[in-house]
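Please open the model in a viewer and keep the selection panel at hand. The tour below proceeds from one selection to the next.

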Amino acid sequence: MAFLRSVGIQRADPYIQQAVRGLAADGIEAGLFHTSGSPGDEDFPGYRERLDRGVTPRELADAVAAWGADAAVSISLPCENALRDAVAKAFLDAVGIPTVMTPLAATMLLVDKWETKKLCAQAGLKVPDGFRADSGLLAGRGLPAPGYRDALRVQAERIGYPLMSKPAWDSTSMGIRTLHSAADLDAYLASPPEVSAVVEQVVEGDLCSVDIVGRPGSYRVLPLCWTGRAGAEPVFTFADLRWCGPRRTADAAFAEVARTLITLCGNLGVCGSVNVDMVYTGGQFVILEVNPRIGGATTLSCAASGTNTFTSLARMARGLPPAGDTVQRAGWAIEFLAGGRMPPAVVAELRNRVAVVTAHELVIDGTSHGDIVVVTLAEGEEDRTVKALTELHGATGFPAADVMGKISSLLSP
């Protein structure tokens with residue numbers, strides 16, 4: 001069974017290793033076809049093949065077929081790589097290698113933020129009010145449209161400021177630009193981005209995400225993960241604590257949203273995993289994106305629920321029925337940057353004091369952000385966990401003081 005991957009496999013630790021060992025126990029060899037990192041046996045205990053970052057879908061499919069795969073699973077991100085895998089799926093399916101990935105037609109809709117916004121609104125989900133800014137028309141390519149800039153100005157005045165512009169085809173918070181006033185919009189229109197964008201109202205509230213795994217007729221909704229604050233200015237994805245834990249009012253409000261999302265996934269033919277980014281504000285969930293791939297908080301949701309998304313995807317590739325329905329949260333899971341690289345002795349002491357799911361270096365586009373840690377605890381263990389981490393900070397300086405303050409505030413409100 002081939003796993004298709006485009007970023008470092010460490011972000012899937014320890015769940016990808018568990019999935020691969022489960023396959024091995026059933027006599028199935030796993031192979032990793034990746035375009036980033038240099039994983040070892042401890043990262044992926046199976047066959048590994050590094051491909052060029054610019055590998056085409058056809059080349060990827062040919063490499064998988066040449067290895068002799070009987071089935072394949074896409075675990076790539078961000079969305080441009082999910083699109084690559086969706087095209088590779090079409091090639092692999094055609095030669096009898098079933099591939100767990102949302103079909104290309106649906107993937108192309110979901111990687112386009114404007115199309116996603118329309119799909120969600122049609123399904124009855126709340127989305128930020130906005131409009132599409134077409135790069136071709138703004139640049140004067142093709143059909144002349146002298147009134148196009150004024151049309152966008154009228155739309156902006158109808159919605160009101162501040163507004164946020166984001167590339168229609170990006171999913172990593174890159175290229176986001178805040179427009180605080182009509183003057184900002186004029187400057188934006190005078191020097192527009194090279195790519196088409198979605199311009200929408202700024203929604204302030206709590207950022208959260210949810211993973212949905214399965215195929216039409218059987219979807220599993222994992223627990224909500226809280227990932228920071230949404231506002232007018234973009235922030236680094238891992239700047240705040242990311243956590244999954246009890247938030248009963250929000251959980252109750254999400255139940256109907258989850259049912260609507262399952263219907264939407266079924267109508268699109270989603271197969272595999274999708275990640276939904278939302279803002280929780282005023283007791284309601286506003287949908288920002290529906291990404292046709294695993295999410296950046298997949299490890300967190302697995303840890304909090306006691307489930308393994310990679311095992312679920314592998315079961316689907318084997319033709320086994322995926323478990324459906326909402327997955328209940330088993331306890332707390334908290335993800336945080338430690339504040340630097342932790343010496344091995346500190347990591348060992350951390351593991352002695354709390355239940356550590358993973359602790360590894362976070363590298364994004366070649367830049368290290370220090371170690372990132374995921375810990376779990378049962379409800380009722382909040383005070384003990386805060387005490388253990390506070391003592392570790394006092395002895396070693398890890399977690400960093402600001403991180404320690406956020407953990408204390410979360411677990412001891």
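**Helices across a sheet**

Begin by selecting helix 5 (residues 113-122) in this predicted model. Helix 5 lies across strand 6, strand 7 (163-167) and strand 9, and runs at about 45° to strand 9.

Next, select helix 8 (residues 182-190), which lies across strand 6, strand 7, strand 8 and strand 9. Its direction makes an angle of about 135° with strand 8.

Now display the strands themselves. They form an open sheet of four strands in the order 6-9-7-8, with antiparallel pairing. Strand 6 (130-133) and strand 8 (177-179) stand at the edges; each has a single partner strand, so one side of each is left without a neighbour in the sheet. From one strand to the next, the twist averages 25°.

For a closer view of one pairing, select strand 6 together with strand 9 (residues 197-201). The two run antiparallel and are joined by four bridges. Within this pair, Gly130 stands opposite Glu200 in strand 9.

**The second largest pocket**

Move on to the second largest pocket, whose volume is about 320 Å³. Select Pro223, Asp251, Thr326, Val327 and Gln328: of the 18 residues that line the pocket, these are the closest to its centre. Helix 9 (248-268) and strand 16 (325-326) are the elements that give two or more residues to the lining. The largest share, six residues, comes from helix 9.

Finally, colour the lining by residue class. It divides into 10 nonpolar, three polar and five charged residues.

Key:
Residues numbered from 1 in each chain as written. Predicted model: local features only at pLDDT ≥ 70, side-chain atom pairs only at ≥ 80, totals over all residues. Heavy atoms only, no water. 1 Å grid on protein atoms, 1.4 Å probe; cavity = no way out; pocket = protein on both sides within 12 Å on 5 of 7 lines; lining within 4 Å. Points joined across faces, edges and corners; volume = space filled by probe spheres on them. Nonpolar A, V, L, I, M, F, W, Y, C, P; charged D, E, K, R; others polar. Pairing = 2+ DSSP bridges. Axes fitted to C-alpha atoms, helices over the stretch in contact; angles between N-to-C directions. Contact = heavy atoms within 4.5 Å.
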